[in-house]
Amino acid sequence: GDKIFVGDKPIGPFTSGSFSPGRKRATAMAYIDPAHAIPSLNVQVALANGARADANLSVMPLYDPGDTRIKAFA
């Protein structure tokens, strides 16, 4: 339920999250306002201590069995 922000505007809540060993970074899913559902959009996520951390939006699914998207961005 933690919030995702663009500037000071909340654009949606997290639904789940964890550390991804395959991606070697934190990964989460969220409901995003459709107007802000833009791949690679820079956002900020609210942390439990009240601080914010920078993040980027990604398209689903995060799992890419052939690594085709990863190779395209490499």
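Two strands count as paired if DSSP finds at least two bridges between them. With that in hand, the hairpin of S2 and S3 is a good place to start in this predicted model. Strand S2 covers residues 9-20 and strand S3 covers residues 25-30, and the two pair in the antiparallel sense over six bridges. One of the pairs can be picked out by residue: phenylalanine 19 has alanine 26 in S3 as its bridge partner. Four residues sit between the strands of this hairpin, and lysine 24 takes a positive phi there, near 60°.

Stepping back to the whole chain, the protein has one helix and five strands. Read from the N terminus, the elements run β-β-β-β-β-α. The five strands make an open sheet in the order S3-S2-S1-S4-S5, with antiparallel pairing. S3 and strand S5 (52-56) are the edge strands, each pairing on one side only. From one strand to the next, the twist averages 45°. As a general point, strands of a sheet pair through backbone hydrogen bonds, either parallel or antiparallel.

How well is each part predicted? The mean pLDDT of the protein chain is 83, and 80% of the residues reach 70 or more. Among the elements, strand S1 (residues 3-6) has the highest mean pLDDT, at 94, while helix H1 (residues 68-73) has the lowest, at 56.

On the other side of the sheet order, S1 and S4 pair in the antiparallel sense over two bridges. Here isoleucine 4 stands opposite valine 45 in S4. S4 is in turn joined to S5 by five bridges, and these two strands also run antiparallel. Within that pairing, glutamine 44 has aspartate 54 in S5 as its bridge partner. The hairpin of S4 and S5 has five residues between the strands, and glycine 50 takes a positive phi near 95° in it.

Now for the inside. Buried residues make up 16% of the 74 residues in the chain. The largest nonpolar core has six residues, namely Ile4, Ile11, Phe14, Val43, Val45 and Leu57. S2 and strand S4 (42-46) each supply at least two residues of this core. In soluble globular proteins, nonpolar side chains tend to be buried together. As for the outside, the chain exposes about 5,600 Å², and carbon and sulfur atoms supply 59% of that area.

Phenylalanine 14, one of the core residues, has a good list of partners. Leaving aside neighbours within four places in sequence, phenylalanine 14 is in contact with Gly1, Asp2, Lys3, Ile4, Ala28, Met29, Ala30 and Val45. Alanine 30, which lies in strand S3, can be looked at from its own side too. Not counting residues up to four places away in sequence, alanine 30 touches Ile4, Pro13, Phe14 and Thr15. Alanine 30 counts as partly exposed because its relative accessibility is 32%, and the cut-offs put partly exposed between the under 20% of buried and the over 50% of exposed. Alanine 30 and glycine 1 are 29 residues apart in sequence, yet their C-alpha atoms are 8.6 Å apart in space. Across the chain, 31% of the contacts between residues at least 6 apart in sequence join residues at least 24 apart.

The loop between S3 and S4 deserves its own look. Histidine 36 is found in this loop, and at 16% relative accessibility it counts as buried. Which residues does histidine 36 contact, leaving aside neighbours within four places in sequence? They are Val6, Lys9, Ile11, Leu41 and Leu57. Two of these, Ile11 and Leu57, are among the residues of the largest nonpolar core.

Isoleucine 38 lies in the loop between S3 and S4 as well, but is partly exposed, with a relative accessible area of 43%. In sequence, isoleucine 38 is 19 residues from leucine 57, and the two are 6.9 Å apart in space, C-alpha to C-alpha. Serine 40, also found in the loop between S3 and S4, counts as exposed because its relative accessibility is 52%. Serine 40 has a positive phi of about 75° although it is not a glycine. Most residues other than glycine have a negative phi.

Terms used: Residues numbered from 1 in each chain as written. Heavy atoms only, no water. Core = buried A, V, L, I, M, F, W, Y, C linked by side-chain atoms within 4.5 Å. Buried < 20%, exposed > 50% of the residue type's maximum accessible area, 1.4 Å probe, protein only. Contact = heavy atoms within 4.5 Å. Areas by Shrake-Rupley, 256 points an atom, 1.4 Å probe, with all protein chains shown as cover. pLDDT = per-residue confidence, 0-100. Axes fitted to C-alpha atoms, helices over the stretch in contact; angles between N-to-C directions.
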